[in-house]
Amino acid sequence: MLDFLKRFFNPEPSSVTARERLRLVLLSDHLALAPDVVESLKHDLISVISKYVDVDAANCDVTFEQQDRAVAMLANIPILGMKPAAKKPPEPPPSPEAPRVELTPASAAVAEPPAETLAAPEPAAPKPRRRRRRRAPVNAAAHG
Amino acid sequence: MHELREEPLPAAPPPPRPRGRAIVVTSGKGGVGKTTTTANVGVALAATGARVVLVDADVGLRNLDIVLGLEARVRHHVLDVLEGNADLDDALVSDKRVPTLKLLAASQTREKDDVDTAAFRGLIERLRERFDYVLIDCPAGIEKGFQNAIVGADEAIVVCTPEVSAVRDADRVVGLLGDRVSIRLIVNRLRPALVRRGKMLSVDDVNAILRLPLLGIIADEPGVIVSTNKGEPISLDAASPTGDAYRKIAGRITGTDTSAPEAPREASFFDKLFGGQR
């Protein structure tokens, strides 16, 4: 009802609606057309999450889905178990003198540095607007 | 019959020009006015004295001939030439109204898959030796017909109407054309009154997404439909503002017109009352 009144008193020109719909659909079109970007995003996500928990890297799934007013990134990352080091804060705040490039190697107690150091210098991929979905991880087969 | 200038330029374009420019007119979506654009821009280019050939690459759905009003004069088509069944010179249809314009019609009874991509590229190369401008009317879609049409071109005109579907498809086509081809945009069928009332995407809205150099803006007006009915491209009509818009597009292609494209003016009350053309 409120929605109806709002629409009645403040009608949004349909060209504005068209613009917004186009923006969203093209965002998801471009994501679908850039599998390499999505793949490297997925790779980086997994490597970050692996710092805290053991994940089933072979069965991870990252998809994009258009929702009402945004494109949502849905990541389904099965967790195999916690890591003992996960409770520690991941990094001390970087001191001014510390070189910025070397983030992982010797400092914190992270389990597998080799994979992470490989993933670290990846260039920043175009950032999709993401929204966290508040529900338990479900099977990835839903999006296909 | 139609005189665009008092004195047509003598047919002597700049002499030491090795190859003409091959420009594909494309859009992705069908029905946005590719063929009408090809016809009108081609006629306007030829009216400047440039040697122009229009190639209909829409094999199976031949239309450029009828939009130009040359349908009765087509004897051979593009596949006849590609397959060696006709001489290129015999297949080129002349236009009495604009002596420097030629048409190579598409084949109506064949399919796009019948066109050999390498052979088509070779044909465009041959035409570039002989003409200043080779305009290729691309079929809708992004399949083989599209691939054939773009293969020989190094410039593209993307035609887009102010509709979500057309913009989305144009965006896709721009991605497929890649960096090899320099692309410019014609926004077709704009209705200024609707844009003013917020009921239609504006040229800026369209180009905020496509981000292409703007070649021109064409109004959605009855004159275009009437001219197509008659087979007389509106760019031959010296009195028509739309014809003028096409002539300016031709000028921007040749480089003689450096003005920025302007949005068409709204039809006035009197325009609507008297309707103008029939």
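In the predicted model, helices H7 and H9 of chain B meet through B:Val167, B:Ala170, B:Asp171 and B:Val174 on the H7 side and through B:Val206, B:Ile209 and B:Leu210 on the H9 side. By class, this contact comprises 6 nonpolar residues and 1 charged residue, with no polar residues. Two packed helices are described by the angle between their axes and the distance between the axes. For H7(B), which spans residues 164–177, and H9(B), which spans residues 203–210, the angle is about 35° and the axes are 10 Å apart. The crossing of H7(B) and H9(B) is right-handed.

A second helix pair in chain B is formed by H5 (residues 117–130) and H6 (residues 144–151), which pack at an angle of about 35° with their axes 8 Å apart. The crossing of H5(B) and H6(B) is right-handed. From H5(B), the residues B:Thr117, B:Phe120 and B:Arg121 take part in the contact, and from H6(B) the residues B:Gln147, B:Asn148 and B:Val151. The contact of H5(B) with H6(B) divides by class into 2 nonpolar, 3 polar and 1 charged residues.

Helix H10 of chain B covers residues 222–230, and B:Val224, B:Ser227 and B:Thr228 in this helix are buried. Viewed down the axis of H10(B), the buried residues lie within an arc of 100°, so they line one face of the helix. An α-helix has 3.6 residues a turn, so residues three or four places apart point the same way. The buried residues of H10(B) pack against three helices of chain B, namely H1 (34–47), H2 (64–68) and H11 (241–254). On the face of H10(B) turned away from the buried side, B:Asn229 and B:Lys230 are exposed. Just after H10(B), B:Gly231 has a positive phi of about 75°.

The loop between H10 and H11 of chain B contains B:Ser235. B:Ser235 counts as buried because 28 other C-beta atoms lie within 10 Å. Leaving aside residues up to four places away in sequence, B:Ser235 touches B:Asn40, B:Val43, B:Ala44, B:Gly243, B:Tyr246 and B:Arg247. Between B:Ser235 and B:Val181, which are 54 residues apart along the chain, the C-alpha atoms are separated by 26 Å.

Most residues other than glycine have a negative phi, and most peptide bonds are trans. B:Arg189, although not a glycine, has a positive phi of about 60°. B:Arg189 is part of strand E7 of chain B, residues 182–190. This residue, B:Arg189, counts as buried because it has 21 C-beta neighbours inside 10 Å. B:Arg211 is likewise not a glycine and has a positive phi of about 50°. B:Arg211 is placed in the loop between H9 and strand E8 (214–219) of chain B. With 11 C-beta neighbours inside 10 Å, B:Arg211 counts as exposed.

Chain A has 4 helices and 4 strands, and from the N terminus on its elements follow the order α-α-α-β-β-β-β-α. Of the 144 residues in chain A, 3% are buried. Among the contacts in chain A with a separation of 6 or more, 62% are accounted for by residues 24 or more positions apart.

Where the two chains meet, 12 residues of chain A are in contact with 11 residues of chain B. On the side of chain A that touches chain B, the residues comprise 7 nonpolar, 2 polar and 3 charged. For the complex, the predictor gives an ipTM of 0.79 and a pTM of 0.75.

The confidence of the prediction was also examined for each chain. Chain B averages a pLDDT of 92, and 91% of its residues score at least 70. For chain A, the average pLDDT is 67, and 51% of the residues score at least 70. Among the elements of chain A, strand E1 (residues 53–55) has the highest mean pLDDT, at 92, and helix H4 (residues 113–119) the lowest, at 39. Over residues 98–144 of chain A, pLDDT stays under 50, and for this stretch the model has 51 contacts beyond four places in sequence.

Definitions and conventions. Residues numbered from 1 in each chain as written. Chains lettered and ligands numbered in written order. Predicted model: local features only at pLDDT ≥ 70, side-chain atom pairs only at ≥ 80, totals over all residues. Axes fitted to C-alpha atoms, helices over the stretch in contact; angles between N-to-C directions. Helix = DSSP H or I, 4+ residues; strand = E, 2+ residues; numbered from the N terminus. Left-handed = near helix turned anticlockwise from the far one by under 90°. Contact = placed C-beta atoms within 7 Å. Nonpolar A, V, L, I, M, F, W, Y, C, P; charged D, E, K, R; others polar. Buried ≥ 20, exposed ≤ 12 C-beta atoms within 10 Å, placed from the backbone. Arc of directions from axis to C-beta. pLDDT = per-residue confidence, 0-100.
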